[in-house]
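Trainee: I have a structure open and would like to learn how to read it. Could you take me through some features, one at a time?

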Amino acid sequence: MFGHLPRTRLATLPTPLERGPELPGAVRLWVKRDDLTGLGMGGNKARKLEFLCGAAVAEGARSLVTVGAGQSNHCRMTAAAGALLGLEVHLVLAGDRPDELRGNQLLSVLFGAQLHFTGAEESHWGELEIASEAVVGTLDAQGAAPYAIPIGGSTPMGAVGYAAAFVEMMAQFDERAIAPAAVVHASSSGGTHAGLLAGMAAVRAQGRPVPEVLAIGVARGVNHGHPDIAALAADTLELMGLDRTLVERGDVYVDPNWMGDDYAVPTRAGDAAIRWAARHGGWVLDRVYSGKGMAGLVGNAEAGRWQPGSDVVFLHTGGQPSLFAPEGAPAGIGDGR
Ligand SMILES: *Cc1c(COP(=O)(O)O)cnc(C)c1O
């Protein structure tokens with residue numbers, strides 16, 4: 001399914017699958033530790049970048065250009081990938097240059113990337129893509145052979161990384177002799193979701209029972225159907241050399257109830273989930289993605305989405321560096337009590 005695609009080895013795989021405590025609704029939690037993919041402090045983008053950078057290197061690229069929010073994990077991991085592969089990296093970011101670099105920005109610069117601040121608002125991703133085209137144009141003119149990666153690396157080529165992750169998880173479920181009811185994760189640019197669905201559909205087509213994939217939307221776009229996850233999953237299957245129609249419309253579900261006011265705007269439930277995960281498993285979640293994702297998992301368990309006694313997997317997509325950015329710490333821990 002993946003062997004014919006160019007791939008650079010960037011992540012430490014397989015990532016661990018850890019058994020967690022029982023949740024409300026008598027659901028057994030498992031945590032798939034994709035925060036431990038290794039690349040530049042880890043996270044889900046490492047799996048996408050293995051295939052995206054594979055394509056870039058195969059094309060003869062000498063530089064990478066990508067875009068993201070001010071505290072983008074994707075940009076930080078792209079910076080690390082460029083460092084490993086000897087490619088110059090340009091990051092086109094929302095917001096203005098801060099007085100002091102922190103969190104993901106600090107790491108991106110440490111990995112040698114150049115930051116381009118656009119002044120754009122956090123979730124105005126269209127503006128970032130336009131600014132990115134200008135950077136690509138300049139690099140092209142300089143002969144730097146740029147390879148452009150869109151927001152979150154959520155192309156079919158990037159999503160293939162999560163189809164492979166689904167297959168990896170199935171092998172771990174077999175080892176543990178579990179048949180989880182669901183794999184739950186935070187979704188923003190949609191590539192992780194689409195890739196998991198492609199992998200799920202490919203495994204299901206072999207006649208095996210598979211968990212549902214439940215995406216917790218943490219950005220306005222995915223909550224309103226952008227990108228079209230079913231279409232992205234179909235394109236991903238095609239790239240894998242499989243039948244586009246294996247993913248059915250009914251497979252695609254984004255739970256929009258956990259984002260709060262907007263992308264990167266913290267929620268009480270998200271902050272509570274960060275504290276809960278830290279105190280029950282030593283897991284470190286963040287306010288933008290994984291905290292809201294875990295809040296969504298717990299909320300669905302409480303609401304009885306899964307049968308009592310079910311196993312449910314939280315795909316921990318990472319995001320730890322943003323805890324050390326301004327406003328990154330969850331509420332309710334600062335008073336030392
Ligand atoms: C990018 C990211 C996500 C969302 O993944 P998409 O493929 O963009 O939907 C979730 N969690 C973290 C920590 C991320 O950095």
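Mentor: Happily! Let's begin with a term: helices (at least four residues) and strands (at least two) are DSSP runs, numbered from the N terminus. Keep in mind that this is a predicted model. As a small exercise in using those names, look for A145, which sits in the loop between helix 4 (125–141) and strand 6.

Trainee: Found it. What is special about the phi of A145?

Mentor: Phi of A145 is positive, about 40°, although this residue is not a glycine. A264 is another such case, a non-glycine residue with phi near 65°. You will find A264 in the loop between strand 9 (254–255) and helix 9 (268–281).

Trainee: How do I decide whether A145 counts as buried, partly exposed or exposed?

Mentor: Use the relative accessible area: buried means under 20%, exposed means over 50%, and partly exposed lies in between. A145 has 23% relative accessibility, so it counts as partly exposed. A264, with a relative accessible area of 26%, is partly exposed too.

Trainee: Next, peptide bonds. Where is the peptide bond from L13 to P14, and is it cis or trans?

Mentor: That bond is cis, with omega near -5°. P14 lies in the segment before strand 1 (17–23). Another cis peptide bond joins H226 and P227, with omega about -5°. P227 belongs to the loop between helix 7 (220–223) and helix 8.

Trainee: Now the helices. How does one describe two of them packed together?

Mentor: The general idea is that two packed helices are described by the angle between their axes and the distance between the axes. Try helix 5 (residues 156–176) and helix 6 (residues 191–204): the angle is about 50°, and the axes are 7 Å apart.

Trainee: Why are helix 5 and helix 6 called oblique to each other?

Mentor: Angles under 35 degrees count as roughly parallel, over 145 as roughly antiparallel, 65 to 115 as roughly perpendicular, and the rest as oblique. Helix 5 and helix 6 are therefore oblique to each other. The crossing of helix 5 past helix 6 is right-handed.

Trainee: Which residues of helix 5 and helix 6 meet?

Mentor: From helix 5 come A159, Y162, A163, F166, V167, M169 and M170, and they meet G191, T192, G195, L196, A198, G199, M200 and V203 of helix 6. Sorted by class, the contact of helix 5 with helix 6 has 11 nonpolar, four polar and no charged residues.

Trainee: And how do helix 1 and helix 5 pack?

Mentor: Their angle is about 135°, with the axes 7 Å apart. That makes helix 1 oblique to helix 5. Helix 1 brings R47, K48, F51, L52 and A55 to the contact, while helix 5 brings M157, G158, V160, G161, Y162, A165 and E168. The contact of helix 1 with helix 5 divides into seven nonpolar, two polar and three charged residues.

Trainee: At what angle do helix 1 and helix 2 cross?

Mentor: They cross at roughly 45°, and their axes come within 10 Å. That makes helix 1 oblique to helix 2. The contact is formed by K45, A46, L49 and C53 of helix 1 with H74, M77, T78, A81 and L85 of helix 2.

Trainee: I keep meeting nonpolar residues. What is the general idea there?

Mentor: In soluble globular proteins, nonpolar side chains tend to be buried together. Here the largest nonpolar core has 58 residues, of which L39, L49, L64, L91, Y147 and F173 touch the most other members. Several elements each supply at least two residues of this core, including helix 1, helix 2, helix 5 and strand 10 (311–316). Helix 5 gives the most, with 10 residues. There is also a second, separate core of 21 residues, which includes V27, M294, L297 and V312.

Trainee: Which residues does F173 touch?

Mentor: Leaving out residues up to four places away in sequence, F173 touches L17, I178, P180, V183, P211 and V313.

Trainee: One last residue: is T236 buried or exposed?

Mentor: T236 is buried, with a relative accessible area of 0%. This residue is in helix 8. Not counting residues up to four places away in sequence, T236 touches P156, A159, V160 and A198.

Key:
Residues numbered from 1 in each chain as written. Predicted model: local features only at pLDDT ≥ 70, side-chain atom pairs only at ≥ 80, totals over all residues. Heavy atoms only, no water. Axes fitted to C-alpha atoms, helices over the stretch in contact; angles between N-to-C directions. Left-handed = near helix turned anticlockwise from the far one by under 90°. Contact = heavy atoms within 4.5 Å. Nonpolar A, V, L, I, M, F, W, Y, C, P; charged D, E, K, R; others polar. Core = buried A, V, L, I, M, F, W, Y, C linked by side-chain atoms within 4.5 Å. Buried < 20%, exposed > 50% of the residue type's maximum accessible area, 1.4 Å probe, protein only.
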